[in-house]
Structure formats: structure tokens, C-alpha cells
Amino acid sequence: MFKHRHLMFSSPFFVFGLLSVLLLASIVMATGFGLVSVPFQQTLALLLEKLAFPVDSLAGERERLVVEQVRLPRVLAGALVGAALGISGASMQGLFRNPLVEPGYVGVSSGAAAGAVCALYFGLTHLGVWLLPAAAFTGALLAVGVILAVWRWSSRSTVTTLLLLGIGLNALLSAVINILVASSRNEQELRSIIFWLQGGLEARTWGHVQLIAVPILISCVLLCAFARDLNLLLLGDEHAQSSGMKVRAVRYLILGLASLMTGSAVAVSGIIGFVGLVVPHMIRLWTGPDHRVLLPASALGGAVFLVVADLISRMVLQPVTLQVGVVCAIIGAPLFLGMVLKSGKGAMA
């Protein structure tokens, strides 16, 4: 009886259905709650109206402005960022066969941080509102390009070598960032750098949503197409090769897609940790290691996690707004420690 119930709760239909309901509910709640609260019925009606449903919202101009132009783009940007970090973390953990790995370990996040900090330090953000995310995205791609180039020409091109190269590059870029922070010329510049490094979704607009929606959604679909390959990689490179997989090419493609998504996410949100680490691990404990379920479920779970964390960041210390990266660390660190203790050595099986 217990086994039958466990199988029902871990079935793909139940998992995807529950996570989808949680995501929709969290979006409605996060869009309505804040310094200016909008009643649930009005929020839901405005969202349905935005989707072209024939609904009369009866909302005033103030509520409409708050929901459609202030909160909704911020919430959707958070959902996209969370989905990108969640599915990227799941794919990287499968690729490295290690549940303690996240996309930042191969230099994506630190590369984006270095690019953004350089743009802030040299005052390039005055040239245009999109220069900061463009600099962050460029830094992420350059970091991954350097890592893959060195790994390609390394005499030991194993995943362990790749992970060690990423850790080394992270340390180097962190040192560069610390030098720029220490030599900031004024307090405003320093505050801007620290604010971005902590991660946040403040002042996100529809332009930011449009900037990341296409690369993240397309990359999510493409990564899910590699679910079978990731399942084979869990059994070892030799087994994957005997099944006809081109292991090296598949690794490059998965790393490229995960880096593209992470770079896109970090470009608009700054550094947000623990989403790509904790969420896939929680989903794996729930559904098992099958990436056909794990990858899409991690995307949905990451979106829910970050939308809820952003809501908490706005509500817990009103009128003060915390950085969502800080809230993710406060929530994620104890969860991660608890999961490590519960799962013993944290095996992938």
C-alpha cells in the first residue's frame, strides 16, 4: 500500500501537475502582494485579462499599473531565471554525476559577475540601460569559452578536470572582482557593485523578460531532449559510448546550453546561489534520477522557488526590501545541509 502510494506521488503526471499548480499560484500571489497590495480576485482577473480572456477586472488604474507594469514583469523574470538555474543545475549534476555541482562551478556565474562589475567600475552603464546585462552575458560566455578551450587541449579531458578548471577560474575572477570592489572610486559605485553581486529582481521590466525568454525557453526544450543521454552518462562513459553516444560532443552541447541559460539568467538578476544546487537535489529525492522527469521538474521547481523567495524578500521586512539572492541563501543553505545529512553521502542513485 505504501509503495503504491509512493509511486503515485512520484509519477510524472502528479509531479508536473503539482509543480504547475504551485507555479501558477505563486505567480498570482507574488503579483498581488507587496507595499501596495491588490486583492486576489482583481489580480487574477487582471492576469486573465492580460492573457486575452474575456474578464472584467473592475480594477482601478493604480492597481492595473502596479500589476501589469511593476510586479508582473518582475515575477515573470524571476520565474524564467529560476527555471534556467534549476534545469541547468540538474543537467550539470547529471553531467558530472555529482549532486553537489551547480552551473557556477564551471565559471559561468563568476564570468558574468566579472563582466558586470567591469561595466559598473568603468562607468559603461551610462551608455545604455542594456549595457550591464550585455556585459554580464559576454563575461559568462568568455569564461565558459576559456574553460572549454583549456579543457579541450588538456592531456586529461575528464569531467573532474573540467570541474577543477572551473574552480580555478572562479577563484581568479573572484580575486579580480575583489580588486575592483576595493578600488571603487565612490560609495555609489561600490553600492551598485555589491547590489548586483547579491542578486536581485528590482526594477525588472518587460524588456528584461523579452531579453531572456527566448534563449531560456529554447534551451530548456533542447536540454530536455538530452534526457536520455544524461541517463546513459550516469552509468559511465564506457556504457554511454557502447550505446552509440558521442560522449564528448554531447558534453559540449549540454555545457553550452546550460551556460547559455545561466548566462542569460545572471545577466538580468545578478548572482543568485542555491537555486541550481538545492532545487534539482530536492526534485531528485522526490522523483528519482530519471532526467526525463528530473529536467522539466527542476525547471518548474526552480521557477516556484525563486518566485516565492522574491515574494518573501518584499514582504518579510516591509518597507525594507531584501535582495532575493540573500533570501535564497537563507532558505537554501539550511535545506541543503538538511538534505546532505538525510541522504548520507548524497549519492546520485
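Of the 14 residues of helix 5, 13 are buried, so this helix is largely enclosed by the rest of the structure. The model described here is predicted. Helix 5 covers residues 108-121. Its 14 residues should span 20 Å at 1.5 Å a residue, and the C-alpha atoms at its ends are 20 Å apart, which agrees. Gly123 follows helix 5 and has a positive phi, near 70 degrees.

Leu131 belongs to helix 6, which runs over residues 131-152. Its relative accessibility is 25%, so Leu131 counts as partly exposed. When neighbours within four places in sequence are set aside, Leu131 is in contact with Ala119 and Leu124. Leu131 can also be placed relative to Ala267. The two residues are 136 residues apart in sequence, but their C-alpha atoms are 9.9 Å apart in space.

Helix 12 comprises residues 247-269. It has 23 residues and reaches 33 Å from its first C-alpha to its last. That is close to the 33 Å expected at 1.5 Å a residue. In helix 12, 17 of the 23 residues are buried, so the helix is largely enclosed by the rest of the structure. Arg251 is found in this helix. It has a relative accessible area of 5%; buried means under 20%, so Arg251 is buried. With neighbours within four places in sequence left aside, the contacts of Arg251 are Leu95, Trp151, Val159 and Asp237. Just after helix 12 comes Gly270, with a positive phi of about 80 degrees.

Helix 2 has 21 residues. From its first C-alpha to its last it reaches 30 Å, close to the 30 Å expected at 1.5 Å a residue. Its buried residues are Val15, Leu19, Leu23, Ser26, Ile27, Val28, Ala30, Thr31 and Gly32. An α-helix has 3.6 residues a turn, so residues three or four places apart point the same way.

Helix 2 (residues 12-32) packs against helix 3 (residues 40-50) at an angle of about 115 degrees, and their axes are 9 Å apart. Helix 2 is therefore roughly perpendicular to helix 3. The crossing of the two is right-handed. On the side of helix 2, the contact involves Val28, Thr31 and Gly32. These meet Phe40, Thr43, Leu44 and Leu47 in helix 3. By class, the contact has four nonpolar, three polar and no charged residues. Val28, Thr31 and Gly32 are also among the buried residues of helix 2.

A second helix pair is formed by helix 4 (residues 61-96) and helix 9 (residues 206-224), whose axes come within 9 Å and cross at roughly 25 degrees. This angle is under 35 degrees, so helix 4 is roughly parallel to helix 9. Their crossing is left-handed. Helix 4 contributes Glu68, Gln69, Leu72, Pro73, Leu76, Ala77, Leu80, Val81, Ala84, Ile87 and Ser91 to the contact. Helix 9 contributes Trp206, Val209, Ile212, Ala213, Ile216, Leu217, Cys220, Leu223 and Cys224. The residues of this contact divide into 17 nonpolar, two polar and one charged.

Conventions: Residues numbered from 1 in each chain as written. Predicted model: local features only at pLDDT ≥ 70, side-chain atom pairs only at ≥ 80, totals over all residues. Heavy atoms only, no water. Axes fitted to C-alpha atoms, helices over the stretch in contact; angles between N-to-C directions. Helix = DSSP H or I, 4+ residues; strand = E, 2+ residues; numbered from the N terminus. Parallel < 35°, antiparallel > 145°, perpendicular 65-115°, else oblique. Left-handed = near helix turned anticlockwise from the far one by under 90°. Contact = heavy atoms within 4.5 Å. Nonpolar A, V, L, I, M, F, W, Y, C, P; charged D, E, K, R; others polar. Expected span 1.5 Å × (residues − 1). Buried < 20%, exposed > 50% of the residue type's maximum accessible area, 1.4 Å probe, protein only.
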